[in-house]
Amino acid sequence: MVVSIERNGTVAVVTIDNPPVNATGQAVRQGLWDAVAATEADPEVSAVVLACSGRTFVAGADIREFGHPPRDPRLPDVLRRIEAATKPWVAAIHGTALGGGLELAMACRRRVARADARLGLPEVTLGLIPGAGGTVRLPRLVAVDVALDMIATGKPVNARRAFETGLIDAVATSDLLEAAIDMARSGTSPAPTLARPVRSETAPGAFDAAAERIQSRARGQIAPEAAVEALRNAIALPVEQALLREAATFQSLRDSDQSKALRHIFFAERATTRLDRLKGVTPLPLFHVGIIGGGTMGAGIAAACLLAGLTVTMIERDVIAASAGRDRVQTILDDSLKRGKLTPATHADRLAAFAATDTYAALSDADLVIEAVFEDISVKQTVFAQLDRVVRPDAVLATNTSYLDVGALAAASADPGRVIGLHFFSPAHIMKLLEIVVPNGLDDRVLATGVALAKQLGKIPVLAGVCDGFIANRIMSAYRQEAEYMLEDGALPWQIDAAMEDFGFPMGLFQMQDLAGLDISWAMRKRRAATRDADQRYVHIGDLLCEAGHFGRKSGRGYYTYDAAGKPLPSPETEALILSESARKGITRQPIAPARIIDRLLGVMRAEAGRILDEGIAQSPDDIDVVMVNAFGFPRWRGGPMHLGALGT
């Protein structure tokens, strides 16, 4: 049974057991409906505790039911039945109470949570708002501006914060179930949540300020706007009308293209490594990771591993460079401490698990070594040759190359089957995507280990074949090339950036290049100059900017010019240079409308993605969408370029 009832004296304990996350599918809803009837009919029951088996409380609805006709009993009806029960219900929360799970908990009279629990309403991340009374109940438990922030951002809160705001009534200091049973036996019970008044904002004007902030960040997304409207309804309307408005809005959003796109990405991210090749393959143990290189990327990878609980040894070319690398890693860990991501004790433990040295022998017992040195194949091949002399025969060797032939790098090792590509994105301790590059002959256990590492680091792994740029950078190279063609054809950098930002990108391409530093891509172009196809159209604008010392934000000038506060402004110098280049090439410039800019850039993304699929570099169109959303900020609520293309938009 997915819902069972046991007695503890006069308290009935109703337990949901629907692994893996106790989602509120139809069987759970029916079980809860029947549990209310059974406990209400039992004269020896005075109160009910709602608990869950497994690793979590109810972590949400079963979104696989979306797109299908609703099946009774519906969740809103189940929650009203629980809330109206004469035997008051107490929710015992562990793990996560998310979405419909938190709505279920809020329908109980009281809530107690384990200290490590997290509670939230993340429906906005699927293009929705809560649909079972969440927008009406939450502002009756917490201040209305706090409720708006939780619903419109989808960010969960921890148990301490939930208690401070009034979302829960207690944090269990010992056994959770015992604490919930004691609470149920206390004999006191507040009014049903929907019978309580909306709680005042934390300060005058706090709600309007939160609404303005959320709406300014929505950038074309409709769910955050709908959340603001739903909370306004919860304040202004009678309960029944507010619930009806919420239900209608939920239904409208569920059928929207944005929600379908977000659900597409949600499932796509969870399917990237479901491969027959990995079935039954056990990853190698991972405890000690070596990092070769202490620059920005190496330090970020090291920090990501440390934050995931691994022991890390960093190798640099000399003691001075090793010390600088250690400082970079400590800066990242210190920032995590300041932001509350680490406790002082954990911060100290993570620093103690880190060493930086110039001696390769320190990697003799490493389980995995990731090189993150200069993007030059001969330099990296030298690193692999050195690693062969010091690491264990069963250690995994990985390269963080962005473009180079991982097969050629593997050939530099005595055992090519243990060499894998792990392409991190900067900043490596923050960016969620990890491209796992699979050369021919890769051992299956090594591949499984790469996937396991990605998951341990909290990253989304996507498998890629060997080619120049793999999936992400290859598509972005085509995107950048087309954008540069448009510079010569008639558009200016800020016009192209504005069009793509209006489309939903967080930052335009040319601003992004300025932020990264124009000299980095310039150096790569110079290294590749000898192999460039002489017949291919080449845009010199980026090279000319660098020759003038305009390296982007760090030099105060790039495609844009930057004021003292770092704000990007259109650059007259850049515009003059672009016009001069168009004239030099005999190109008659024509204005390019924003819609045409978007069409051209999406078109080249899809065309390059098609070639990547044809060559077997990517496993599926869904993987390409996952890459573009997580590596380069393609608007998540549009689902990715391949999803949009399948819709004909």
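# Exercises on a predicted model

In this predicted model, helix H12 is mostly covered, with nine of its twelve residues buried. The exercises below begin with that helix.

## Exercise 1: Helix H12

Determine which residues of H12 are buried, and test whether the span of the helix agrees with its number of residues.

*Solution.* Step one is to apply the cut-off for burial, under 20% relative accessible area. The residues of H12 that are buried are Gly298, Ala299, Gly300, Ile301, Ala302, Ala303, Ala304, Cys305 and Leu306.

Step two concerns length. H12 comprises residues 296–307, and at 1.5 Å a residue its twelve residues should span 16 Å. The expected span is 1.5 Å times one less than the number of residues. The end C-alpha atoms are 16 Å apart, which agrees with that expectation.

Step three looks past the helix: H12 is followed by Gly309, which has a positive phi, near 95°.

## Exercise 2: The packing of H19 and H24

Describe how helix H19 (residues 493–503) and helix H24 (residues 594–614) cross, and state the classes of the residues in contact.

*Solution.* Two packed helices are described by the angle between their axes and the distance between the axes. Here the axes of H19 and H24 come within 9 Å and cross at roughly 80°. Angles of 65 to 115 degrees count as roughly perpendicular, and H19 is therefore roughly perpendicular to H24.

Next, identify the residues that meet. H19 contributes Gln495, Ile496, Ala499, Met500 and Phe503, and H24 contributes Pro594, Ile597, Ile598, Leu601 and Leu602. By class, this contact has nine nonpolar residues, one polar residue and no charged residues.

## Exercise 3: The eight-stranded sheet

Give the strand order of the open sheet of eight strands, find its edges, and place helix H15 against the sheet.

*Solution.* The order is S12-S11-S10-S13-S14-S15-S16-S17, with mixed pairing. Strands S12 (354–357) and S17 (460–464) each have a single partner strand, so one side of each is left without a neighbour in the sheet. From one strand to the next, the twist averages 25°.

Within the sheet, S14 (residues 396–399) and S15 (residues 419–424) pair in the parallel sense over three bridges, and Thr399 stands opposite Gly421 in S15. Helix H15 (residues 377–390) packs on the sheet, touching S10, S13, S14 and S15. The direction of H15 makes about 170° with that of S14.

## Exercise 4: The three-stranded sheet

Identify the edge strands of the open sheet ordered S5-S7-S8.

*Solution.* This sheet has mixed pairing. Its edge strands are S5 (96–98) and S8 (157–158), each pairing on one side only. S7 (residues 118–120) and S8 pair in the antiparallel sense over two bridges.

Note on methods:
Residues numbered from 1 in each chain as written. Predicted model: local features only at pLDDT ≥ 70, side-chain atom pairs only at ≥ 80, totals over all residues. Heavy atoms only, no water. Helix = DSSP H or I, 4+ residues; strand = E, 2+ residues; numbered from the N terminus. Buried < 20%, exposed > 50% of the residue type's maximum accessible area, 1.4 Å probe, protein only. Axes fitted to C-alpha atoms, helices over the stretch in contact; angles between N-to-C directions. Parallel < 35°, antiparallel > 145°, perpendicular 65-115°, else oblique. Contact = heavy atoms within 4.5 Å. Nonpolar A, V, L, I, M, F, W, Y, C, P; charged D, E, K, R; others polar. Pairing = 2+ DSSP bridges.
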